[in-house]
Amino acid sequence: MTTKTPSPQINMNQSEWPLWEVFIRSKQGLDHKHVGSLHAADATMAVQNARDVYTRRLEGVSIWVVESTHIHASNPDDSEAFFDPAADKVYRHPTFYDVPDSIKHM
Amino acid sequence: METLEKVLTPEEQFQARIDADIRIEPKDWMPDAYRKTLIRQISQHAHSELVGMLPEGNWITRAPSLKRKSILLAKVQDEAGHGLYLYSAAETLGTTRDQMLADLHSGKAKYSSIFNYPTLSWADMGCVGWLVDGAAILNQVPLCRTSYGPYARAMVRVCKEESFHQRQGFEIMQTLCEGATAQKEMAQEALNRWWWPTLMMFGPKDSESPNTAQSMNWRIKRFTNDELRQKFVDMMVPQAEFLGLTVPDPAVKWNEARQAYDFGEVNWEEFWAVVKGNGMCNHERLQARVQAHEAGAWVREAANAHAAKRAAREAVAA
Ligand SMILES: [Fe+2]
Ligand SMILES: [Fe+2]
Ligand SMILES: [Fe+2]
């Protein structure tokens with residue numbers, strides 16, 4: 001992964017536009033969901049391209065785009081150590097607790 | 001209790017995840033050969049979507065009505081979208097868009113041979129949608145469950161859009177078949193030309209497809225070429241009958257014991273000739289692609305320059 005360049009640079013040899021991740025809200029009340037990626041020269045073009053590539057059939061009412069280099073992710077190699085601490089905490093779930101049958105509304 | 005757990009190699013762990021139907025995601029460890037196979041397959045698929053626009057693009061300006069023209073435009077635009085979904089899925093494996101396009105344009109990368117056949121009459125638009133998209137759907141539906149996550153997700157999106165493609169093609173055929181004698185003849189003539197090339201879309205015979213076993217093992221592929229070809233014939237023969245058309249293969253016959261249609265042997269010589277670049281339109285298709293890419297270079301450069309200029313202005317304002 002490259003790091004963010006501090007100042008905008010023009011590079012005429014680079015024909016490949018930067019990669020953007022696209023997130024779409026399919027309808028009001030739902031959250032934006034990752035749908036894929038695309039190339040665009042800038043954010044405005046990324047939003048327009050995302051409309052044409054990912055919402056040709058009214059799949060969305062709102063689009064977010066994020067330049068892919070700005071995404072930071074957890075490392076799959078560390079998944080076990082990273083997520084396991086949640087595995088043995090059954091008391092975080094309501095089913096851990098015995099409620100007498102006679103108790104209602106709980 | 002003590003158990004002696006065998007330490008699994010990365011390859012064994014990988015295969016165990018595949019066998020458990022756990023999807024592989026971009027940053028997960030994977031064997032080099034798995035990565036290479038996927039890059040080849042996904043980029044070939046993307047190239048097919050891209051080149052696949054050409055034979056149909058040929059008829060946009062000559063569609064018989066505004067309705068047909070709008071439909072054809074929408075379909076061709078979908079195919080461009082399919083190419084884009086797939087290119088970005090391939091990019092998650094570490095290749096670049098530029099590299100993939102360079103390989104297509106140099107002739108190093110392949111695309112589906114079906115697009116090296118010409119589209120000579122309006123009925124060809126019917127046959128492409130009905131047969132070619134029909135065959136593509138059979139190939140693609142199992143890929144929605146393929147082992148590599150980004151590929152599978154791209155295919156879900158593609159498959160949602162394909163059934164309109166096939167239906168509009170069938171409707172063109174049906175309209176022609178219910179029309180004047182000359183129209184029906186046009187439909188039959190198109191079917192005669194497209195039937196065998198469509199059967200070739202499923203690839204070489206299983207006995208001549210050495211990579212199938214590994215791809216099935218990795219669950220990249222879920223059915224063999226011959227299995228899909230048989231399914232296609234079983235699906236299409238009754239549809240041709242419904243249209244009142246005859247499939248150009250005298251060997252086609254229902255086999256009660258197999259509960260499937262028998263059919264004749266594909267002309268494999270022709271298949272390999274087209275794969276190797278000697279089909280009717282290989283040269284023309286590639287030339288059209290390269291020309292479009294080169295003629296678009298100034299647009300890509302101008303967009304880069306515009307983006308840089310605007311970013312510089314915003315940096316000053318901030
Ligand atoms: Fe497609
Ligand atoms: Fe396709
Ligand atoms: Fe299609």
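Visitor: Two strands count as a pair when DSSP finds at least two bridges between them. With that in hand, what is the bridge partner of Ile24(A) in strand 2 of chain A?

Guide: That's Lys33(A). Strands here are DSSP runs of E with at least two residues, helices are runs of H or I with at least four, and both are numbered from the N terminus. Heads-up: this is a predicted model, where local features need pLDDT of at least 70, side-chain atom pairs count only at pLDDT 80 or more, and totals for chains, interfaces and linings use all residues. Residues are numbered from 1 along each chain as its sequence is written, chains are lettered from A and ligands numbered from 1 in the order written, and side-chain values use heavy atoms, without hydrogens or water.

Visitor: How many bridges hold strand 1 and strand 2 of chain A in register?

Guide: Six, with strand 1 (residues 19-25) running antiparallel to strand 2.

Visitor: And what's the strand order in the open sheet of chain A?

Guide: It goes 2-1-3, three strands with antiparallel pairing. Strand 2 (33-39) and strand 3 (62-67) are the edges, each pairing on one side only. From one strand to the next, the twist averages 30°.

Visitor: Which strands does helix 1 of chain A touch?

Guide: Strands 1, 2 and 3 of chain A, where touching means heavy atoms within 4.5 Å. Helix 1 (residues 43-54) packs on the sheet, and its direction makes about 115° with that of strand 2. Axes are lines fitted to C-alpha atoms, for helices over the stretch in contact, and angles run from 0 to 180 degrees between N-to-C directions.

Visitor: Switching topic: where does Leu58(A) sit?

Guide: In the loop between helix 1 and strand 3 of chain A. Leu58(A) isn't a glycine, yet its phi is positive, about 60°. Most residues other than glycine have a negative phi.

Visitor: Is Leu58(A) buried or exposed?

Guide: Exposed, at 80% relative accessible area. The cut-offs are under 20% for buried, over 50% for exposed and partly exposed in between, with a 1.4 Å probe and protein chains only.

Visitor: Over to the metals. Which residues coordinate the iron ion (ligand 2)?

Guide: Glu49(B) through OE and Gln140(B) through NE2, at 2.0 to 2.2 Å. Donors are N, O and S atoms within 2.8 Å of the metal (3.2 Å for Na, K and Ca), and water is not among the atoms, so sites may look incomplete.

Visitor: What does Glu49(B) bridge?

Guide: The iron ions of ligand 2 and ligand 1, which lie 3.2 Å apart. Glu49(B) is in helix 2 (residues 32-51) and Gln140(B) in helix 6 (residues 123-140) of chain B, 91 residues apart. Both Glu49(B) and Gln140(B) are buried.
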